[in-house]
Amino acid sequence: MTDAPSSTSPTVAVIGAGPAGLMAAERLAQAGLRVVVHERMPSVARKFLMAGRGGLNLTHSEPPEPFLNRYDTPARARIAGWLDLFSPADLTAWAEGLGQETFIGSSGRVFPKAMKASPLLRAWLARLDALGVDIRVRSRWTGWKNGALAFDTPEGERIERPDAVVLALGGASWARLGSDAAWIPTLEDAGAAVAPFRPANVGFDIAWSPLFRDRFAGQPLKGVALSHAGRTVRGEALIAAYGIEGGAIYALSADLRDAVTRDGSAALAIDLRPDQSLDALTRRLAKPRGKDSQSNWLRKAVHLDPMAVALLREAGPLPTDPALLAARIKGVSLTLTGVQGLSRAISSAGGVTLDAVDDHLMLKTLPGAFIAGEMLDWEAPTGGYLLQASFASGVAAAQGASRWLQTR
């Protein structure tokens with residue numbers, strides 16, 4: 001049962017009204033604390049609403065071990081603790097508790113049946129209001145001033161002295177929606193170690209031929225398997241004028257980004273027929289072609305559409321030997337020559353290092369200040385993993401703040 005905050009209850013300021021910040025605010029209010037949320041934008045959860053335009057993939061239904069393995073290795077152990085506090089099942093139940101029925105898609109992803117974020121956000125804000133959470137928009141945190149929090153508001157500077165603070169200011173992608181990483185100097189001045197931000201879940205540059213680019217940019221590449229450095233991901237990608245992007249690319253983007261940064265380029269292999277073996281393809285391609293053009297023959301023999309055939313040609317002239325042609329279909333080799341920047345990235349890697357916070361997400365150099373969400377140095381692919389960990393980190397930070405206040 002929720003304890004209603006009293007006039008003597010400790011106050012916690014939550015700075016940033018995205019998924020991590022609002023989840024921290026909810027848990028803190030449910031613990032009987034007075035909560036004030038500060039958001040510098042004119043409205044809350046703008047990036048969350050943007051994510052909802054594609055259907056709002058809340059989380060994923062896969063078992064715990066493969067789910068956890070989606071997160072980058074350095075942060076995985078810490079994220080496991082967050083997921084223990086707020087699991088995918090907990091997130092689904094939370095959404096259902098807000099009156100938003102969910103369903104599991106064919107890919108295992110979990111969505112609200114409304115397929116958008118706005119109904120969920122409205123119900124969530126109503127709950128926060130009922131809990132007494134005070135949300136102040138156009139309230140931009142400018143740092144600490146004589147030990148207090150300073151905010152730039154339409155009415156001028158405002159100074160507040162909460163008993164604890166949860167910082168959930170976002171990473172460095174989608175700056176126009178509020179995540180501009182302007183907080184970095186303030187936290188570095190406070191002694192926090194901050195890793196440089198890098199684009200995550202981002203597209204990559206490929207030097208397409210003009211003919212391929214002009215004809216196929218904007219078209220999806222479906223039912224393929226992408227491989228890099230011994231790791232393979234099934235899914236879809238999207239041909240872009242600059243190169244390639246999409247869900248399967250994002251699942252490999254951390255390794256691809258690091259390879260391009262380190263070596264200047266990265267090799268990506270695309271299996272255009274992942275459900276057919278090399279031998280089966282070779283046998284099909286060994287049959288007489290007759291009077292068909294090569295493109296028409298590939299369409300009939302192995303069901304390749306014009307874009308797939310053109311992609312094969314991007315790797316060079318098509319082999320005439322059936323085995324060599326089958327091998328290319330099973331692994332079209334593309335060279336990625338660059339990474340799209342933070343302005344085009346869905347999310348970011350980097351931020352406050354996990355060594356800079358304790359097990360309860362409190363800054364080691366600043367007792368009473370907790371960090372949540374994409375401000376922390378972790379990354380994950382799209383598919384529900386980003387939102388899940390953001391929500392869960394908000395729960396972890398709220399629990400940490402509650403415990404710290406109880407021990408004072």
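I began with Asp275, which counts as exposed at 66% relative accessibility, and I kept in mind from the start that this is a predicted model. Its partner turned out to be Arg234, since the two side chains meet in a salt bridge with N to O at 3.0 Å. I placed Arg234 in strand E14 (residues 231-239) and Asp275 in the loop between strand E16 (266-271) and helix H10 (278-285), so the pair ties together parts that are 41 residues apart in sequence. Arg234 itself is partly exposed, with a relative accessible area of 49%; I note that the value falls in the partly exposed class because exposed requires over 50%.

I then asked which residues are joined into one network by salt bridges that share partners. I found Asp134, Arg136, Arg158 and Glu160 linked in this way. For the structure as a whole I noted 17 salt bridges.

**Glu160**

I followed Glu160 further and located this residue in strand E9 (residues 156-160). Is Glu160 buried or exposed? I recorded a relative accessible area of 14% for Glu160, which makes the residue buried because the class takes in values under 20%. Its side chain makes a polar contact of 2.3 Å with the side chain of Arg136, and a polar contact of 3.3 Å with the side chain of His38. Setting aside neighbours within four places in sequence, I listed the residues in contact with Glu160 as His38, Arg136, Ala148, Leu149 and Phe151.

**Two further salt bridges**

I looked next at Glu62, which forms a salt bridge with Arg70, the closest N and O atoms being 3.0 Å apart. Glu62 is buried, with a relative accessible area of 15%, whereas Arg70 is partly exposed at 31%.

I also looked up Asp214 and Arg213, whose side chains meet in a salt bridge at 3.4 Å, N to O. Here Asp214 counts as exposed at 60% relative accessibility, while Arg213 is partly exposed, with a relative accessible area of 31%. As a general remark, I wrote beside these entries that side chains of opposite charge can pair when their charged atoms come close.

**H10 against H11**

I returned to H10 and asked at what angle H10 and helix H11 (residues 294-302) pack. I noted an angle of about 130°, with the axes 10 Å apart. The two helices are therefore oblique to each other; an angle of that value stays out of the roughly antiparallel class because that class begins over 145 degrees. I entered the crossing of H10 past H11 as right-handed. On the H10 side the contact is made by Leu281, Arg284 and Leu285, and on the H11 side by Trp297, Leu298, Ala301 and Val302.

**Gly55**

My last entry concerns Gly55, which I found in the loop between helix H2 (46-51) and strand E3 (59-60). At 1% relative accessibility, Gly55 counts as buried. Which residues does Gly55 touch, if those up to four places away in sequence are not counted? I listed Phe111, Pro112, Met115 and Lys116. For Lys116 I also looked up the backbone separation, and wrote down 5.1 Å between the C-alpha atoms of Gly55 and Lys116, which stand 61 residues apart along the chain.

Technical notes: Residues are numbered from 1 along each chain as its sequence is written. This is a predicted model: local features need pLDDT of at least 70, side-chain atom pairs count only at pLDDT 80 or more; totals for chains, interfaces and linings use all residues. Side-chain values use heavy atoms; hydrogens and water are left out. Helices (H or I, at least four residues) and strands (E, at least two) are DSSP runs, numbered from the N terminus. Buried means under 20% relative accessible area, exposed over 50%, partly exposed in between (1.4 Å probe, protein chains only). A polar contact is a pair of N or O atoms within 3.5 Å; within protein, one must be able to donate a hydrogen and the other to accept it, and residues adjacent in sequence count only if both atoms are side-chain atoms. Contact means heavy atoms within 4.5 Å. A salt bridge is a side-chain nitrogen of Lys or Arg within 4 Å of a carboxyl oxygen of Asp or Glu. Axes are lines fitted to C-alpha atoms, for helices over the stretch in contact, and angles run from 0 to 180 degrees between N-to-C directions. Angles under 35 degrees count as roughly parallel, over 145 as roughly antiparallel, 65 to 115 as roughly perpendicular and the rest as oblique. A crossing is left-handed if the near helix is turned anticlockwise from the far one by less than a right angle, and right-handed if clockwise.
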